[in-house]
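Biologist: I have a protein model open and would like to learn how its labels are earned. Could we go through it together, one label at a time?

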Amino acid sequence: MQDSFDITTLIFIVLAVFVIWRLRSVLGQKTGSEQPPFDPLSRRDAPLRPGNAPAEPDHNVVRLPGAAEARPTAEVAPSERWKGITEPGTPTAAALDGIVRLEPSFNPSEFLEGAKSAYEMIVTAFAQGDRKTLKDLLSREVYEGFERAITERERRGETVETTFVSIDKAELAGAELQGKTAQIVVRFLSKLISATRDASGSVVDGSPEAVSDVTDVWTFARSLGSRDPNWQLVATEAGQ
């Protein structure tokens, strides 16, 4: 009877060891290298490294676990930081550094593309007397100047025909940061066809056929950190 009990006990022990071994092989063991549970409320936004895409272009998007490990970690050398935009060590480079510190998503190349679109919209709206479009894109002072010119033109019965042939270049000509207000100067080189007609339809300025090379230097400004993502035109001048 004692022998029978010992054999039965031994069989149960062997079965128990086998079950435990199988459970450990299926469920695994902690090794100390596991990732902590993902918490979508605990976001760590990596700062933008100039020359790379913004880490989080849409701040309503939660970064997926593991995405950070796929991003380059090497810092960009100061001499390469604004390559193709401005020279290192200049006031413009220092201003751009300050802008990125306040808004890591800022990208000067993308800004210049947006400035080109704004330039064409503003020039076209001014020619058409489109005050509504201008009011959304201009500072109050600049808008008042544009509006006066449109009113004078209408009083004389004149109309303007403007056609963009091309925007050959848009380059950053300067930047300044005062507190949270950023100003960026852009030089535009474009080709336009522009003609002004009087009330009878006769051309009194420009030409409806000739293509003119135009250089404009415009300054855009924005309060960094505000909910409004748009930059406004705050100053214009004819460039050389």
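Modeller: Gladly! Let's start with confidence: pLDDT is the predictor's confidence in each residue, on a scale from 0 to 100. We need that because this is a predicted model.

Biologist: What does pLDDT say about residues 23-74?

Modeller: Over residues 23-74 pLDDT stays under 50, on a scale that runs from 0 to 100. For that stretch the model has 42 contacts beyond four places in sequence. The protein chain averages a pLDDT of 77, and 66% of its residues score at least 70.

Biologist: Thanks! Which elements make up the protein chain, and in what order do they run?

Modeller: There are five helices and five strands. From the N terminus on, the order is α-α-α-α-α-β-β-β-β-β. As for contacts with a separation of 6 or more, 55% are between residues 24 or more positions apart.

Biologist: Let's try a single residue. Why is Ser-139 called buried?

Modeller: Buried means under 20% relative accessible area. Ser-139 has 8% relative accessibility, so Ser-139 counts as buried. You will find Ser-139 in the loop between H4 and H5. Leaving out residues up to four places away in sequence, Ser-139 touches Gln-232, Leu-233 and Val-234. Across the protein chain, buried residues make up 28% of the 240 residues.

Biologist: Now the helices. How do you know that the reach of H2 is close to the expected one?

Modeller: Helix H2 covers residues 91-102, which is twelve residues. The expected span is 1.5 Å times one less than the number of residues, and for H2 that comes to 16 Å. From first C-alpha to last, H2 reaches 17 Å, close to that value. Buried residues of H2 include Thr-92, Ala-93, Leu-96 and Ile-99. Strand E1 (159-178) and strand E2 (181-197) are among what covers them.

Biologist: And what makes the reach of H3 close to the expected value?

Modeller: H3 has 21 residues and reaches 30 Å from its first C-alpha to its last, beside an expected 30 Å. Phe-111, Leu-112, Tyr-119 and Val-123 are among the buried residues of H3. The cover over the buried residues of H3 includes H4, H5, E1, E2, strand E4 (212-223) and strand E5 (232-238).

Biologist: H5 is on that list. How do H3 and H5 pack, and which residues meet?

Modeller: Helix H3 (residues 108-128) and helix H5 (residues 140-156) pack at an angle of about 35°, with their axes 9 Å apart. Ile-122, Phe-126, Ala-127 and Gln-128 in H3 meet Phe-146, Ala-149, Ile-150 and Arg-153 in H5. By class, this contact has six nonpolar, one polar and one charged residues. Gln falls outside the nonpolar and charged groups, so Gln counts as polar, while Arg counts as charged.

Biologist: What makes Arg-131 and Glu-154 a salt bridge?

Modeller: The rule asks for a side-chain nitrogen of Lys or Arg within 4 Å of a carboxyl oxygen of Asp or Glu. In this pair the closest N and O atoms are 2.9 Å apart, and the cut-off is 4 Å, so the name fits. Arg-131 lies in helix H4 (residues 131-137) and Glu-154 in helix H5, so the pair ties together parts that are 23 residues apart in sequence. Both are partly exposed: Arg-131 has a relative accessible area of 24%, and Glu-154 has 45%. In general, side chains of opposite charge can pair when their charged atoms come close.

Biologist: How do you know that Glu-152 and Arg-156 also form a salt bridge?

Modeller: Their closest N and O atoms are 3.9 Å apart, and the limit is within 4 Å, so the pair counts. Being four residues apart in helix H5, Glu-152 and Arg-156 are separated by about one helical turn. Glu-152 also meets Arg-155 in a salt bridge, at 2.8 Å from N to O. Glu-152, Arg-155, Arg-156 and Glu-158 are linked in a network of salt bridges. By this rule the count comes to 15 salt bridges.

Biologist: Last one: why is Arg-155 called exposed, and Glu-152 partly exposed?

Modeller: Exposed means over 50% relative accessible area, and partly exposed lies between 20% and that limit. Arg-155 has 59%, so Arg-155 is exposed. Glu-152 has 35%, so Glu-152 counts as partly exposed. Arg-156, with 43%, is partly exposed too.

Notes
Residues are numbered from 1 along each chain as its sequence is written. This is a predicted model: local features need pLDDT of at least 70, side-chain atom pairs count only at pLDDT 80 or more; totals for chains, interfaces and linings use all residues. Side-chain values use heavy atoms; hydrogens and water are left out. Axes are lines fitted to C-alpha atoms, for helices over the stretch in contact, and angles run from 0 to 180 degrees between N-to-C directions. Helices (H or I, at least four residues) and strands (E, at least two) are DSSP runs, numbered from the N terminus. Contact means heavy atoms within 4.5 Å. Buried means under 20% relative accessible area, exposed over 50%, partly exposed in between (1.4 Å probe, protein chains only).
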